[in-house]
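The exercises below are to be worked with the sequence and the model open side by side. Each task sentence is followed by a solution that goes step by step.

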Amino acid sequence: MALPIHPHLAILRTVATLELSALLGQAGWAAAFLGGQREYVVHHEVGALVTLVVCLAGAGVYVVLRRSAGPVNVVLSLLLAALVVAQYALGEAAAVSAHIFLGVLLVMTGTALTSWTYRHTLPGASGRPLPGTPL
């Protein structure tokens, strides 16, 4: 039985979905405590570590599967990981305005990565062999 998609694409799509889910969860916790529900600040702080780990691990997966992921997705994943590190540092420094602004850019980058990953096909999926591949 053949899988409906290549396993590498399934892994990449799962990773992108997990990253975007963590980013959106962070935005939700931030909105809750900025809206006056101060008890959710702890959720946002714990979520920051989870998001950091998920995005750094996700970048690793994209680098390992770079031939399947394609250059655009690898760059977006590495950019997302770098932005999450910067976001974490801004949060630790209590630079609230910059932290909020970068948070918006992070969700946009995570959305772009997810979109590009779900629309991506493997090189050579058109039925033609890749250059340099024996027939």
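Two residues are in contact here when heavy atoms of theirs lie within 4.5 Å of each other. The model is a predicted one.

**Exercise 1. Determine which residues Leu 23 contacts, leaving aside its neighbours within four places in sequence, and which residues of the largest nonpolar core touch the most other members.**

Step 1. With the neighbours within four places in sequence left aside, Leu 23 is in contact with Thr 51, Leu 80, Val 84, Leu 106, Val 107 and Gly 110.
Step 2. The largest nonpolar core has 18 residues, and those that touch the most other members are Leu 23, Tyr 62, Leu 80, Val 84, Leu 106 and Leu 113.
Step 3. Two or more residues of this core come from each of α1 (7-34), α2, α4 (71-92) and α5 (96-119), and α4 gives the most, with 5 residues.

**Exercise 2. Locate Leu 65, decide whether Leu 65 is buried or exposed, and name what Leu 65 touches beyond four places in sequence.**

Step 1. Leu 65 sits in the loop between α2 (41-64) and α3 (66-69).
Step 2. Its relative accessible area is 12%, and because buried means under 20%, Leu 65 counts as buried.
Step 3. Once residues up to four places away in sequence are not counted, Leu 65 touches His 8, Ile 11 and Leu 12.
Step 4. For one of these pairs, Leu 65 and Ile 11, the separation is 54 residues in sequence and 9.2 Å in space, taken from C-alpha to C-alpha.

**Exercise 3. Set Thr 109 beside Met 108 and state for each whether the residue is buried or exposed.**

Step 1. Helix α5 holds Thr 109, and Met 108 lies in helix α5 as well.
Step 2. Thr 109 has a relative accessible area of 11% and is buried, whereas Met 108, at 52% relative accessibility, counts as exposed.
Step 3. Not counting residues up to four places away in sequence, Thr 109 touches Leu 76, Leu 79, Leu 80 and Leu 83.
Step 4. Met 108 belongs to a nonpolar patch on the surface together with Phe 101, Val 104 and Leu 105, and the accessible area of the four together is about 400 Å².
Step 5. An α-helix has 3.6 residues a turn, so residues three or four places apart point the same way.

**Exercise 4. Compare the reach of α1 with the expected value, and give the sign of phi at Gly 36.**

Step 1. The 28 residues of α1 reach 41 Å from the first C-alpha to the last, which is close to the 40 Å expected at 1.5 Å a residue.
Step 2. Gly 36, which follows α1, has a positive phi, near 115°.

Note on methods:
Residues are numbered from 1 along each chain as its sequence is written. This is a predicted model: local features need pLDDT of at least 70, side-chain atom pairs count only at pLDDT 80 or more; totals for chains, interfaces and linings use all residues. Side-chain values use heavy atoms; hydrogens and water are left out. Helices (H or I, at least four residues) and strands (E, at least two) are DSSP runs, numbered from the N terminus. Buried means under 20% relative accessible area, exposed over 50%, partly exposed in between (1.4 Å probe, protein chains only). A nonpolar core is a set of buried Ala, Val, Leu, Ile, Met, Phe, Trp, Tyr and Cys residues joined through side-chain atoms within 4.5 Å. Patches are made of residues with over 30% relative accessible area and no salt bridge: like charges are joined within 9 Å, nonpolar side chains (Val, Leu, Ile, Met, Phe, Trp, Tyr) within 5 Å. Accessible areas come from the Shrake-Rupley method with a 1.4 Å probe; for residues, only the protein chains shown count as cover. A salt bridge is a side-chain nitrogen of Lys or Arg within 4 Å of a carboxyl oxygen of Asp or Glu. The expected span of a helix is 1.5 Å times one less than its number of residues.
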